[in-house]
Amino acid sequence: MSDRFTITVDGREIPAAPGQTILAAAQASGIYIPRLCHMDGIEPVGACRVCTVRANGRVVAACTQPATASMVVQSQTDELVSWRRQLVEMLFVEGNHFCMFCEKSGSCELQGLAYRLGIAAPRYESIWPRREVDASHPDIILDRNRCILCGRCERTSRDLDGKHVFGFVGRGIHKRLAVNARARLADTGADVTDLAIGACPVGAILRKNRAYRTPVGDRPFDREPIGAPVETRAELTINGGPAS
Amino acid sequence: MSKPRIATCSLAGCFGCHMSVLDIDERLLELVDVVEFDKSPITDIKKFDGRCRIGLIEGGCANEENVAVLRAFRRHCDILVSLGDCATMGGIPALRNLVPIDECFREAYIDGPSTHNPAKIIPRDVELPLLLDKVRPAHEIVRIDYLLPGCPPSADAIWAAVTALLSDKPIDLPYQLIKYD
Ligand code: SF4
Ligand code: SF4
Ligand code: FES
């Protein structure tokens, strides 16, 4: 690639390319910047701000901000980690999260981030909103109680499945996930094989009849924190393995 | 020197966290060597006998009795630990927070599928503790010093926390011991 340059992330100098986001550049060098609304393979939108870093002192979303030559990025500072904690705690209290019976527990990115950030319990009072569950589809359940409005399903359905099954209505605290039908998911073109169904970071969109198949202890975040694979890949790279 | 005292209570919980305390197995013997149990369902002691070093709180607060017990624990214990998701976040009992309280009463006493109540009476006896508007985590009622999530927290997590507190060390739980389920 032409015109490659370097940036530093938390004091480490790493390569980056024009147009590459801070998050992508960091990830390619084995530095994990927490994220929720961003997922590899879809267009970043900067909705959740969990990836917030300081770039040359300015507060930016690492998933959308392009890296520029000699940029100095801070990610793991006390200030930024504390902001991320607050954001994650707010996401918990804005929805209705009962991890003890949630099918996504152990592989949920919101929960995984809370573990990684060392959150024992949200410090804020819960809102306990009333949200709708849509179980109309034979193979998919949509539980808005757990939706964090990240938009990953929307973008995946639109850009990868070419379907536009999901969208948002309302603003601010009234924003909620809508489906492309008068009311029910069953009346949309959603299919259980859609990539959008697997794009949800939390237990808001789930495939039916799959619950609790992985024993506690073997689930992705039971042993290793979220982001560990990014960091492990870096170790492989340092030892001479290929960078992905 | 007298042994430090531990008290425990189950507020709006299911006793699962207490089961997990018992689940420390033979380490219970080690524990009773170094501590004295005060007010606790484990000993069935109903009233505080003295100042306690540690109070383990299972369950959040669903009614005024829970609040009174929790406040008594705060008064009698140096360190309060919220034990489990109900104490730290409300847990399963907080499912009722999604339903207005009169609807809860109607479902419990009148409309429930297994309810026989032809006179449609909702009990209002003074003996019955008043329900709070919402089930609340313990730290919304009194100051809580430590939070130990889990449904229930594993016996290993409880052991690690209690032994650290007894030896005045910071609670430093390995990643694998912090769980919300
Ligand atoms: S979606 Fe995640 S955070 Fe929410 S209840 Fe399920 S496991 Fe817990
Ligand atoms: S349903 Fe899932 S993927 Fe879609 S916006 Fe909500 S949390 Fe994000
Ligand atoms: S991951 Fe960057 S804003 Fe959500």
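These legends describe close-up views of a predicted model.

**View 1. The two domains of chain A.** The domain assignment splits chain A into two parts. Domain 1 covers residues 5-76. Domain 2 is written as 81-212 + 229-238. The C-alpha centres of domain 1 of chain A and domain 2 of chain A are 23 Å apart. Where they touch, domain 1 of chain A brings 28 residues to the contact and domain 2 of chain A brings 24 residues.

**View 2. The area buried between the domains of chain A.** The size of an interface is often given as the accessible area lost when the parts come together. Here domain 1 of chain A and domain 2 of chain A bury about 2000 Å² between them. Carbon and sulfur atoms account for 64% of that area. Look for Tyr32(A), Leu36(A) and Ile42(A) in domain 1 of chain A. These residues lose the most area to domain 2 of chain A. Together they make up 32% of what the domain 1 side buries.

**View 3. Salt bridge and polar contacts between the domains of chain A.** One salt bridge is found across the interface of domain 1 of chain A and domain 2 of chain A. Glu43(A) forms a salt bridge with Arg158(A). Their closest N and O atoms are 3.5 Å apart. Between domain 1 of chain A and domain 2 of chain A, nine residue pairs are in polar contact, counting pairs with both residues at pLDDT 80 or more. Strand β3 (residues 52-55) of chain A gives the most to the domain 1 side that touches domain 2 of chain A, with three residues. That side of domain 1 of chain A holds 16 nonpolar, eight polar and four charged residues.

**View 4. The surroundings of ligand 1.** Which residues lie around ligand 1? Cysteines in this shell are Cys99(A), Cys102(A) and Cys108(A). Phe92(A), Phe98(A), Leu110(A) and Val202(A) are also among the residues around ligand 1. His97(A), Ser105(A), Gln111(A), Arg146(A) and Gly203(A) belong to the shell too. By class, the shell around ligand 1 has seven nonpolar residues, four polar and one charged.

**View 5. The surroundings of ligand 2.** Ligand 2 is surrounded by 13 residues. The closest are Cys147(A), Cys150(A), Gly151(A), Cys153(A) and Cys200(A). The shell around ligand 2 divides into twelve nonpolar residues, one polar and no charged.

**View 6. The area buried between chain A and chain B.** Chain A puts 27 residues into the contact, and chain B puts in 25 residues. About 2200 Å² is buried between chain A and chain B. Of this area, 62% is on carbon and sulfur atoms. Which residues of chain A lose the most area to chain B? They are Met100(A), Tyr115(A) and Trp128(A), together 33% of what the chain A side buries.

**View 7. Salt bridges, polar contacts and helices where the chains meet.** Between chain A and chain B the count is three salt bridges. Glu125(A) forms a salt bridge with Arg136(B). The closest N and O atoms of this pair are 3.2 Å apart. Ten residue pairs are in polar contact between chain A and chain B, with both residues at pLDDT 80 or more. On the side of chain A that touches chain B, α3 (109-116) and α6 (220-223) each supply at least two residues. α3(A) gives the most to this side, with four residues. The side of chain A that touches chain B has 16 nonpolar, four polar and seven charged residues.

Definitions and conventions
Residues numbered from 1 in each chain as written. Chains lettered and ligands numbered in written order. Predicted model: local features only at pLDDT ≥ 70, side-chain atom pairs only at ≥ 80, totals over all residues. Heavy atoms only, no water. Domains from an automatic or database assignment. Contact = heavy atoms within 4.5 Å. Buried area = accessible area lost by both parts, 1.4 Å probe. Salt bridge = Lys/Arg side-chain N within 4 Å of Asp/Glu carboxyl O. Polar contact = N/O pair within 3.5 Å; in protein donor to acceptor, adjacent residues only side chain to side chain. Nonpolar A, V, L, I, M, F, W, Y, C, P; charged D, E, K, R; others polar. Near = heavy atom within 4 Å.
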